[in-house]
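Work through the two exercises below with the model open. Each task is followed by a solution in steps.

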There are 2 protein chains.
Amino acid sequence: MREFKRKSRVLLIDDNADHLRGVKELITLESSYEVVSTTTSANVGINLIKKYRPDIVLMDINMPEKDGLQAIQEIEKLNLGVRIIALSAYDDADLIFRAMKIGAKGYVLKTMASAQLIYAMDEVASGKIYLPTALTSRFFEYFQNSFKNEAEISTEENLLTYLTSREEEVLDLLTQGNNYKGIASKLFISETTVKTHVNNIFQKLQVNDRTQAVLYALNNGFANRRRAKLAL
Amino acid sequence: MREFKRKSRVLLIDDNADHLRGVKELITLESSYEVVSTTTSANVGINLIKKYRPDIVLMDINMPEKDGLQAIQEIEKLNLGVRIIALSAYDDADLIFRAMKIGAKGYVLKTMASAQLIYAMDEVASGKIYLPTALTSRFFEYFQNSFKNEAEISTEENLLTYLTSREEEVLDLLTQGNNYKGIASKLFISETTVKTHVNNIFQKLQVNDRTQAVLYALNNGFANRRRAKLAL
DNA sequence: AGTGTTCTAAATCTTTAGATTGATAAATTC
DNA sequence: GAATTTATCAATCTAAAGATTTAGAACACT
């Protein structure tokens, strides 16, 4: 199935020396991979990555010395295009979720058959992101659960719907940290008009001041939450 | 492989009558499923679900009349324990992400082999969440991309680290919409002390007023964002 | 033509917010 | 033990925010 290509260069990080040796032998048997280096230390591993620039990193995330997830995060920040597959002893949903969130391209259990690891490496080497089916199911349970609260919020009456489009504009500028003067100059209207709008917004959102209005807006899905940056 | 059990009751919603008929015949061939009802209308479908209480719903999400995703959301709100599999013509990452986010237990392309649909139904019927491997990869690309911004933010210097623990307490109360008086009474200190703290917070966060301070806090991971609710 | 909504604006007034300076006591650090 | 940091509080002052009322112009609805 797999074609002949340049061998993918693999780096192994695992504090368990025995497991490390086993995985190395396993991969060495595969014609399409070569192990460029191995280490039992996450910190050393990061330096080896800078040196060898491997295609794939197999990272044990259950290490006492340094948290493997933290190591993944640091490697991702380097932006070297290294594809990391997390190796773990646990099929814990939270661990899987966090690993994928910070950019791991795969997550394989140590207890899984070696063929599973090779398959994951094949997929990741070809640019895909791969999770074994059983872990995918776990991931999605966690994922969907984390959105349940949001869904419940959205069922409540959203007072934001009562705002006029002009009031929305004003509120948008409020959520960027503007004062009356700033809003007035940005909308080319007088400061007193802004005050009128803001007071109407307070009435409609049933709040007492601008901070509460901004919090209500952010908590109830006003615009894109990530767009609400400070305009200083 | 599959054991003999009570047949899973399936309801089909698809505005394409031809496709609807085809899927119905396909499922009827399977000994472990029975189609309890079908409809070409999402709105009718929601009522049929209330009436028949199926185990599984196959929902076409590419419908002109009513958005299938919206329909899924409404069904999920009913909390009937109905497991929904989204059927779509498109392997669009955003569509997949949104469907899974709102609680779909699976997502299958109409172009996929019928065996794929049956397999997805088997998995979902047994309580799992199932996405075909190819779609899982798409999903994760989208998923990881949506976290990239957050990762970049966290690399910037976080001015919140300069706050003392007392200042953090005060800021926490600010992010709940309290004024000076409210903070003073909650911390059992005088209003002037609160003013001092707040002014120090402004200095450290390099902002001009409380709204900007609150926005800075929320945008830079102060506490749990979801905990920042209004205390009115 | 009339009703209602929205956007605009001003005037006035009260309250809150924010800046600044100075001071004390306790805890921490060096 | 001196210096620094932290938490507390007061007084004062200016600026900003917020409440309230009134009102004209534009527009939509019917």
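A salt bridge is a side-chain nitrogen of Lys or Arg within 4 Å of a carboxyl oxygen of Asp or Glu. The model used here is predicted.

**Exercise 1.** Describe the contact between chain A and chain B: how many residues take part, and how many salt bridges does the rule find?

Solution.
1. Chain A gives 44 residues to the contact, and chain B gives 44 residues.
2. About 3,800 Å² is buried between chain A and chain B, with 63% of that area coming from carbon and sulfur atoms.
3. A:Ile129, A:Phe140 and A:Gln144 provide 16% of the area that chain A buries against chain B, more than any other three residues.
4. Under the salt-bridge rule, the count across this interface is zero. Polar contacts are found there, in nine residue pairs (both at pLDDT 80 or more).
5. On the side of chain A that touches chain B, the largest share, 12 residues, belongs to H6(A).
6. Sorted by class, that side of chain A holds 20 nonpolar, 14 polar and 10 charged residues.

**Exercise 2.** Which residues surround DNA strand D, and which parts of the strand lie within 4 Å of the protein?

Solution.
1. DNA strand D is surrounded by 17 residues, among them A:Asn199 and B:His197.
2. Sugar or phosphate accounts for 68% of the strand D atoms within 4 Å of the protein, and bases for the rest.
3. Phosphate oxygens of strand D lie 2.5 Å from a polar side-chain atom of B:Thr164 and 2.7 Å from one of B:Arg166.
4. At a base, an oxygen of strand D is 3.2 Å from a side-chain N or O atom of A:Lys195.
5. H9(B) supplies the largest share of the surface near strand D, four residues.

Note on methods. Residues are numbered from 1 along each chain as its sequence is written. Chains are lettered from A and ligands numbered from 1 in the order in which they are written. This is a predicted model: local features need pLDDT of at least 70, side-chain atom pairs count only at pLDDT 80 or more; totals for chains, interfaces and linings use all residues. Side-chain values use heavy atoms; hydrogens and water are left out. Contact means heavy atoms within 4.5 Å. Buried area is the accessible area (1.4 Å probe) that two parts lose on being put together, summed over both. A polar contact is a pair of N or O atoms within 3.5 Å; within protein, one must be able to donate a hydrogen and the other to accept it, and residues adjacent in sequence count only if both atoms are side-chain atoms. Helices (H or I, at least four residues) and strands (E, at least two) are DSSP runs, numbered from the N terminus. Ala, Val, Leu, Ile, Met, Phe, Trp, Tyr, Cys and Pro count as nonpolar, Asp, Glu, Lys and Arg as charged, and the others, Gly among them, as polar. A residue is near a molecule or strand if one of its heavy atoms lies within 4 Å of it.
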